[in-house]
Amino acid sequence: MVDIAIDRCSRIETERLVLRKWELTDLDGLAEMNADPRVMEFYPSVLSRAESEKMLVRYMEAQQREGFCYSVIAKKRSGRFLGYCGLKVPGYQDHLSFGPCVEIGWRLLRSEWGKGFATETAQMWLGFGLETLQLNEIVSFTPVQNSRSEKVMQRLGMVRVEEFEHPLLEDGHRLKRQVLYKMTRQK
């Protein structure tokens with residue numbers, strides 16, 4: 001299944017966008033996005049360039065290991081980095097009460113918010129995961145304060161399942177309480 005995913009996810013085009021594998025040249029866009037306090041509002045902290053570089057390496061390794069990972073979203077005409085969206089196996093899923101699982105997630109440069117890119121690319125990834133990879137379900141979660149991402153989950157037709165405590169955040173952390181959504185494959 002991994003080889004099939006790699007072959008089919010090398011480059012996917014929508015009407016406006018290109019979804020493609022990570023490349024080392026994506027570091028500038030990723031670092032810019034991860035350093036923006038508004039983009040990172042619902043993450044524990046902004047990330048330094050060095051932290052973004054480590055993240056890029058992890059994503060590239062996941063592409064090879066799992067056959068899929070969050071993919072780069074780029075403008076179709078210019079190739080400009082806009083953010084990422086895709087499926088990912090959480091590295092800490094043994095600590096999740098709903099694991100093992102495959103998660104769908106997205107993050108965009110602030111200048112690209114409100115243009116429908118997250119919904120457009122996530123719809124493609126949900127279809128790929130449920131139909132092509134034959135996953136039984138895909139989950140998505142975010143801090144309870146993140147109404148923007150929760151609205152994307154709702155637009156995608158995902159179902160709110162529960163709230164839970166994120167296992168990697170300490171008690172009392174402002175982002176500890178998370179909302180879990182999922183979509184199940186129709187049989």
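**Note on the predicted model: sheet, cores and aromatic pairs**

1. Strand 3 and strand 4 pair in the antiparallel sense, with five bridges between them. The structure under review is a predicted model, and the points below should be read on that basis. Within this pairing, Tyr70 stands opposite Gly86 in strand 4. The two strands form a hairpin with five residues between them, and in it Gly79 takes a positive phi near 80°.

2. Strand 3 also pairs with strand 2, again in the antiparallel sense, over four bridges. Here Leu19 stands opposite Ile73 of strand 3. Strand 3, residues 70–75, is mostly covered, with five of its six residues buried.

3. Ser71 may serve as an example from strand 3. Its relative accessibility is 4%, so Ser71 counts as buried, the limit for that class being under 20%. Beyond its neighbours within four places in sequence, Ser71 is in contact with Leu19, Arg20 and Trp22, with Gly83, Tyr84, Cys85 and Gly86, and with Trp125. Of these, Gly83, Tyr84, Cys85 and Gly86 fall within strand 4 (81–88), while Trp125 lies in helix 4.

4. The largest nonpolar core comprises 29 residues, and those with the most contacts inside it are Leu87, Ile104, Trp106, Trp125 and Met158. Two or more residues each come from strand 2 (17–20), strand 4 (81–88), strand 5 (103–108), helix 4 (117–132), helix 5 (147–155) and strand 8 (177–184). Helix 4 gives the most to this core, namely seven residues. In soluble globular proteins, nonpolar side chains tend to be buried together.

5. Ile104 deserves a separate entry. Not counting residues up to four places away in sequence, Ile104 touches Tyr70, Gly86 and Leu87, then Ala122, Trp125 and Leu126, and further Ile138, Val139, Ser140 and Met158. Apart from the core just described lies another one, of 18 residues, including Val39, Val72, Phe81 and Leu109.

6. How much of helix 4 is buried? Twelve of its 16 residues are, so helix 4 is largely enclosed by the rest of the structure. The buried positions are Phe117, Ala118, Thr119, Glu120, Thr121, Ala122, Trp125, Leu126, Gly127, Phe128, Gly129 and Leu130. The list includes Thr119, Glu120 and Thr121 as well as residues such as Leu126 and Leu130.

7. The span of helix 4, from its first C-alpha to its last, is 22 Å, close to the 22 Å expected for 16 residues at 1.5 Å a residue. Helix 4 is followed by Gln134, whose phi is positive, near 60°.

8. The count of aromatic pairs comes to ten. One of them joins Phe98 and Phe164 edge-to-face, at 5.0 Å centre to centre and with 75° between the planes. Phe98 belongs to the loop between strand 4 and strand 5, and Phe164 to strand 7 (residues 159–165), so this pair ties together parts that are 66 residues apart in sequence. Phe98 counts as buried at 14% relative accessibility, and Phe164 is buried as well, at 6%.

9. Another edge-to-face pair is formed by Trp125 and Phe128, with 5.6 Å between the centres and 80° between the planes. Both residues lie in helix 4, three residues apart, which is about one turn of the helix. Trp125 is buried at 2% relative accessibility, and Phe128 is buried at 7%. Trp125 is also among the residues with the most contacts inside the 29-residue core.

10. Two further ring arrangements should be recorded. Trp22, Tyr59, Tyr70, Phe81 and Tyr84 form one aromatic cluster. Tyr70, listed there, is the residue that stands opposite Gly86 in strand 4. Separately, the charged end of Arg107 sits over the ring of Tyr43, 4.0 Å from its centre.

11. Is Val46 buried or exposed? Val46 is partly exposed, its relative accessible area being 38%, and thus falls between the 20% and 50% limits. Val46 is found in the loop between helix 2 (27–35) and helix 3 (49–66). Leaving aside neighbours within four places in sequence, Val46 is in contact with Asn34, Ala35, Asp36, Pro37, Met40 and Glu51. The C-alpha atoms of Val46 and Met33 are separated by 9.0 Å, the two residues being 13 apart along the chain.

Conventions
Residues are numbered from 1 along each chain as its sequence is written. This is a predicted model: local features need pLDDT of at least 70, side-chain atom pairs count only at pLDDT 80 or more; totals for chains, interfaces and linings use all residues. Side-chain values use heavy atoms; hydrogens and water are left out. A nonpolar core is a set of buried Ala, Val, Leu, Ile, Met, Phe, Trp, Tyr and Cys residues joined through side-chain atoms within 4.5 Å. Buried means under 20% relative accessible area, exposed over 50%, partly exposed in between (1.4 Å probe, protein chains only). Contact means heavy atoms within 4.5 Å. Rings of Phe, Tyr and Trp (its six-membered ring) pair if their centres lie within 6.5 Å; planes under 30 degrees apart count as stacked, over 60 as edge-to-face and the rest as tilted. A charge sits over a ring if NZ of Lys or CZ of Arg is within 6 Å of the ring centre and within 35 degrees of the ring normal. Two strands pair if DSSP finds at least two bridges between them. The expected span of a helix is 1.5 Å times one less than its number of residues.
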